[in-house]
Structures are given as structure tokens and as C-alpha cells.
Amino acid sequence: MADPKTDETSAPTPSASAPGANARPAASDEPGATAAPGQGGREGPDTAKVRRTYTERRRTAQAAADAADRTADRLGNVRLALALVGLVLLLWPLASRTASPWWGLLPVAVAFFAVGVVQDRALERRRRHRAEVRYHAEGLARIDESWRDLGDTGEAAGNPWRNTLHHADDLDLFGRASLFQLLNRAHTQRGQDTLARWLCEPATVDEATARQRAAENLAENLDFRVGLAAAAASEDATSLDDQAIRRWAEVDAPIPVEGLLRVLAWLHPVALFATYLVYQLGGPGQPLAIAVLAQLSTLFFTRKVVGSRLEVLSGPERALRRAARLVEAVETARLEAEWLREVQAPLQEGPASHQIRRLERLVNLLDARLNVIFALTIGPALMWDLNLVLRAERWRRTHGLRVTTWFEAVGRMEAAASMGGLAYERPEYAFPEFVSDEPGVFEAESLHHPLIDRHHVVANDLTLNGPGSVLLLSGSNMSGKSTLLRSVGLAVVLARAGGPVPARRLRLSPFELATSVRVVDSLAEGTSHFFAELKRLKHIVDEGRRLGPGLLYLLDEVLHGTNSRERYIGAVSVIRHLSQQGAVGIVTTHDLGLARVAEELPPNATRNCHFSDQVEGDDFSFDYRLREGPVRSTNALRLMRAVGIDLDFHAPEADKDATNR
């Protein structure tokens, strides 16, 4: 989605990238890394080591997956042969009118199920190894800056905040090529929701610091992170949604006449086999017919109750089986950070893995119904589905209310593993230092935008001047102002979420953010761009009154929808008020007159910095280096010529001094 306000690109000249072509840094084909301040990023030896590790482990996992696949295919052929033998034994008595071949079904059935167990294990190995291959391949894609089509973009997880949290869109927290997509390693909906909440709800300093220690621990524990992803993964790589399981586990909806059904589920199979034995020994056939009809009637009237629960317990994605693997992976992990052990604690009461494993065994037995021969013969005869659903109901009444707690723990662990994965794959990132007893602190070394290709991004040092200060950032179009603004915002978001930040070093107060960067109008609401921006400014002013020095505000081209005189008066008034409240801010502008804000504020409250361009004839380029002082030139007319608007640009004499071509 094009955003004409994003003004940093990696193109050296307008001919290489027209204005607005690099619409938003997150959607660019070149997202972030760093080097020394003001220099292009380079891949360091630590990153090369991560690449080698991922490459070697992917190769090993692929070989193991291929071996498991071959084993599963061979066992599948054996099961097919056994099924054909069983079919012959089943149909032979109908032609020969003798029952003797039917007794041969027993060893065939035992062999069929035994081979099936071994085949399931081979298929499980294949699934796990394929998940490991996928994890390492996605890690390599993130290292090689080709991650923008990977995984979930967080659209669903971010929806609860996007309408109320302005910086969710301003900073590209969600969507394609977003911060969420770069971070996300969660395979459950609860894990993705937890990660989205961390990005949108600033944690306390203590909680953020505890998450940092957890992320550091998990960054070093690659085996656990891979195992966690493999436990949750399915063959089709879909996310695990726990809502259906939680509804089944927690909603108090008992099966009608459950006691009677328990008796019938046991009595019908006994009656069926007893009457069949009598018939085979030469007795009358009426009792057998009555037993068959009675059993079919019970199966018919319980089909909806049984079917609705089977859909949850043994659906196409085997959701409960995946949940069981996840709970066990988290519960049994050997982790060092205190925060991680606290997350494990609810799972170790019971322990949860033991209880989930009991339910998983029921699920495994239920999966026998997926075999056509079993579903048409042995299953109905034993009332297999009803018996197992009733056993699952007993489990639900005992443990169902704890299921949400278990999934919440897993979700928190996946979110922490996402932070740890980022720290591992981007070793140049640092964990920030919070300064709780000193307001208005923001000191960054080699700060850069995390969504711009780190082989091309330019890093800058940046220090804000404390409570009530404002950094006025001027510069020509496409020089890097908006990108630096977003870099600061994303660093604060990651810091308050408990993750590493795209900087060599970051020291900051526990800020909350308020932004006006990507403001859009709304035809549906009858809201113009200017009015939408006024609403944003009203929100920021209110936040300044509420938070004071705890607010960091980011304003991109403030009030650019009105005339220069009123824009200046309005912008100065807003900045002055926020400064009086103690809020800290960064304001970008193309308006050279706005650089005079320093004259309207207390001494040392305003700092002017700028990005510049380098001009050679009609060509110009950018180095994206932050410099002191206001900008002295603009480039709008040159950009117009660069895209082919070749007109006779003429300015009135009174304006010529203010127009630098």
C-alpha cells in the first residue's frame, strides 16, 4: 500500500526509485540491519554463524523427514495388503456359507492395527522433521531478508487494537511485511494473540525486564524453540486455533441422559455379539435382528451429540493432538529464566501433560474411525465413537476448566520464543536498559528501522534532551525523516514488549507512545484528512496531560493540510503545550519556517536536526545521515522534474529567496 509520506528509500537517485515508490519501509523489498552510525548495514560473523547452523540443521532434518516418509510408504503398502486379506476373509463366508474363515479375521485385524501404530509413528516423525525443516528455512529467509511472505501477518491478532491504537498502523505493527510478521514464530492463535498484545500494551518495567531475560534464555535454546514450533505444526502449516477446544472443555453442556447412554454403550455390543454367537450355533435369527435394530436406533439418535464432539476432538487438523504435544513441550522443558519457570508452573500441577496424554489416547482411539473398514464393521458393532465420547466427557468435567490456563501458558511461551528468535537471528540487536527514576531519557546508538533490509539500512545515533524537549527534524523529500520517526517508535514498542531493539545500545525511560504519522481520510465517515489529523492531535494533547514526561509523541508533517501561517501557529501551540506538560517529542517537517519553533519555546527545549541530499546536476542522492541544525534546501521541484513533470517552474520574486532549487 503506497504511502507518499514515507521519505526514505535505498535508491541512490530519483531515476532508480521515483518518489513514493518505496511506499512504506515495511513493504519495501529491503528491510533492516545495521552497522556503524551513518553507514550501511553489514552481516557480521555472528549472523554468518546463525546461517550455518540453520543450514546444517535444515539439511539434517530434511534427510530424517525423507527416511520417515519412505518408511511410512512401505508400511502403508503392508496395511493395504492386510486390508485386502481381511476383505477376502470377510466376504468368503457369504459365498461358502461357512463361518470358519471369519475366525481368521482376528490375527489379520491385530496385524493391521499393529502395523498402523508403527506407521503412525513414522508419520509423526515425518511431520516433526518437516516442521523442523520449515522452521530453519524460515529462519534463513529472515536472515536473507526474504521473509515478507512468511507466516501469519497478524491481521486477525491485531484487529482489537487497530481502530483505537494509532501507532499500530503508523508503525506497521501488523499486516504484510510488518513487525508482527518479522517477529512471529507462534503456531497457535493464543500465541499470536499474546504477541500482538505485547506489541500493543506496554508492559511495566519489571515485566518487560523479566521478558528480556526470558528472551535471552530462549535465544540460546534453539532446540527448545524448534521443538516448540514442531510440536504445534501440522502438515499443512496452519495455525492451531484453541477456541473450539476451549468451548468444548469449559462450556457446561452435558450430554443428555448421559447415564443411560453409558449403560446402552456397554449393553448393545454385548447383546449383539451374544445373539450373533447364538445364531452361529444354530439358534434363531430374531434375537440378532432385534439387537441390530436396537443398536442402529441408538446410533441414529445419538449421531448429532457424538458428531459435534468428534468434530472438536478429532477434526481434520487433529487440534487436540497438537495441543497435547505443545503442553508437553512447554511443561518438560529445562529453562533457566524465572519468568519462564513461572509460565511453566500451571502446567506442572497435575501435571498437565499427564492429563492431556490421557485425552490424547482417547483421540488416538477415536482416529480408528477414519479407517473405512473399521468404520463400517467393528466401530458400529462396539459403539466405538459413543463409548469414547462418553469417556472424554468424564475427562472434561474433571479438567476442562484448566484448559484455558494451559493454553495461556503455551501462548506466553510462544510469544517469548518469538522474541528469543529475533534476538538469535539478529545478534546485532541489543536489549534496552530502562531508566525508571529519570524521565524523558532516550539515548540510542546505531538506531535503525528493523523492517528495512539490514544490508542497506543506515543507522544513526540519537539522543533526546529530556522532559519537555522536542527534536525538530527537517529535510527534503525522501531523505529519511519519516523512517527515523518510525525507527524510534518501533524501538519503544519492542522495548516495552520485552524484546531486543534495532540498535547497538538503547537507554530509555518507560515511555508510552502517541503518534500522528499515517493519517487517512474517511469517505464513509465524512472525515477529511485535515480533520482526521486534528482528531489525532486532540488525542496526543490529552495523552500529554495524562502522562506528562511519560509520553513520547511522534508527529510527521504536522498540520500540513492547511496554509503556512495557520500551520505555524497551530503547530507551535501544540508543541508548546506538550512541552509544558513535560512530554518528549519528535516532529518532522518540510516547512523551513517551522524550524523557528525554538524561538517560541524555553531555552534548550528544542533541538534542530536534518537529513540532506547530494545534488549533481539534475540528479541527487541521499546518505540518510542525521546532522545537526535545520535543513537549508528542499527538493520538491527537482523531484517533479525527475518523474517527468518538465514544466517551466517559476516563483514570484518575493518567494525566490525561500525557494531553493
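**Exercise 1. Work out the strand order of the open sheet of 6 strands, and find its edge strands.**

*Solution.* Let's start with the sheet in this predicted model.
Step 1: The open sheet runs in the order β6-β7-β8-β4-β9-β12, and its pairing is mixed.
Step 2: Look for strands that pair on one side only; these are β6 (512–516) and β12 (627–628), the edge strands.
Step 3: Being at an edge does not leave β6 bare, as 4 of its 5 residues are buried.

**Exercise 2. Describe how β7 pairs with β6 and with β8.**

*Solution.*
Step 1: Between β6 and β7 the pairing is parallel, over 5 bridges. Here Leu513 is found opposite Leu552 in β7.
Step 2: Now turn to the other partner. Strand β7 (residues 551–556) also pairs in the parallel sense with β8 (residues 584–589), over 5 bridges. Asp556 stands opposite Thr588 in β8.
Step 3: Add the helix that lies across these strands. Helix α20 (residues 481–497) lies across β4 (470–475), β6, β7, β8 and β9 (606–611), and runs at about 155 degrees to β7.

**Exercise 3. Place Leu552 in the nonpolar core and list some of its contacts.**

*Solution.*
Step 1: The largest nonpolar core has 111 residues, and Leu552 is among those with the most contacts inside it, as are Leu173 and Phe442. Helix α19 (residues 403–425) contributes the most to this core, with 11 residues.
Step 2: Leaving aside residues up to four places away in sequence, Leu552 touches several residues, including Leu464, Val488, Phe511, Leu513 and Val584.
Step 3: Don't stop at one core! A second, separate core has 24 residues, among them Ile540, Val587, Leu594 and Val597.

**Exercise 4. Classify the ring pairs Tyr54 with Tyr135 and Phe622 with Tyr624.**

*Solution.*
Step 1: The whole structure holds 10 aromatic pairs. For Tyr54 and Tyr135, the ring centres are 6.5 Å apart and the planes meet at 85 degrees, so this pair is edge-to-face. Planes over 60 degrees apart earn that name.
Step 2: Find where the two rings sit. Tyr54 belongs to helix α1 (residues 45–96) and Tyr135 to helix α2 (residues 105–143), 81 residues apart. Both Tyr54 and Tyr135 are buried.
Step 3: For Phe622 and Tyr624, the centres are 6.0 Å apart and the planes are at 20 degrees, so this pair is stacked. Phe622 and Tyr624 are buried as well.

**Exercise 5. Find the arginine that lies over Trp198 and the one over Tyr424.**

*Solution.*
Step 1: Over the face of Trp198 lies Arg211, 4.0 Å from the ring centre.
Step 2: Over the ring of Tyr424 sits the charged end of Arg225, 4.8 Å from its centre.

Terms used
Residues are numbered from 1 along each chain as its sequence is written. This is a predicted model: local features need pLDDT of at least 70, side-chain atom pairs count only at pLDDT 80 or more; totals for chains, interfaces and linings use all residues. Side-chain values use heavy atoms; hydrogens and water are left out. A nonpolar core is a set of buried Ala, Val, Leu, Ile, Met, Phe, Trp, Tyr and Cys residues joined through side-chain atoms within 4.5 Å. Buried means under 20% relative accessible area, exposed over 50%, partly exposed in between (1.4 Å probe, protein chains only). Helices (H or I, at least four residues) and strands (E, at least two) are DSSP runs, numbered from the N terminus. Contact means heavy atoms within 4.5 Å. Two strands pair if DSSP finds at least two bridges between them. Axes are lines fitted to C-alpha atoms, for helices over the stretch in contact, and angles run from 0 to 180 degrees between N-to-C directions. Rings of Phe, Tyr and Trp (its six-membered ring) pair if their centres lie within 6.5 Å; planes under 30 degrees apart count as stacked, over 60 as edge-to-face and the rest as tilted. A charge sits over a ring if NZ of Lys or CZ of Arg is within 6 Å of the ring centre and within 35 degrees of the ring normal.
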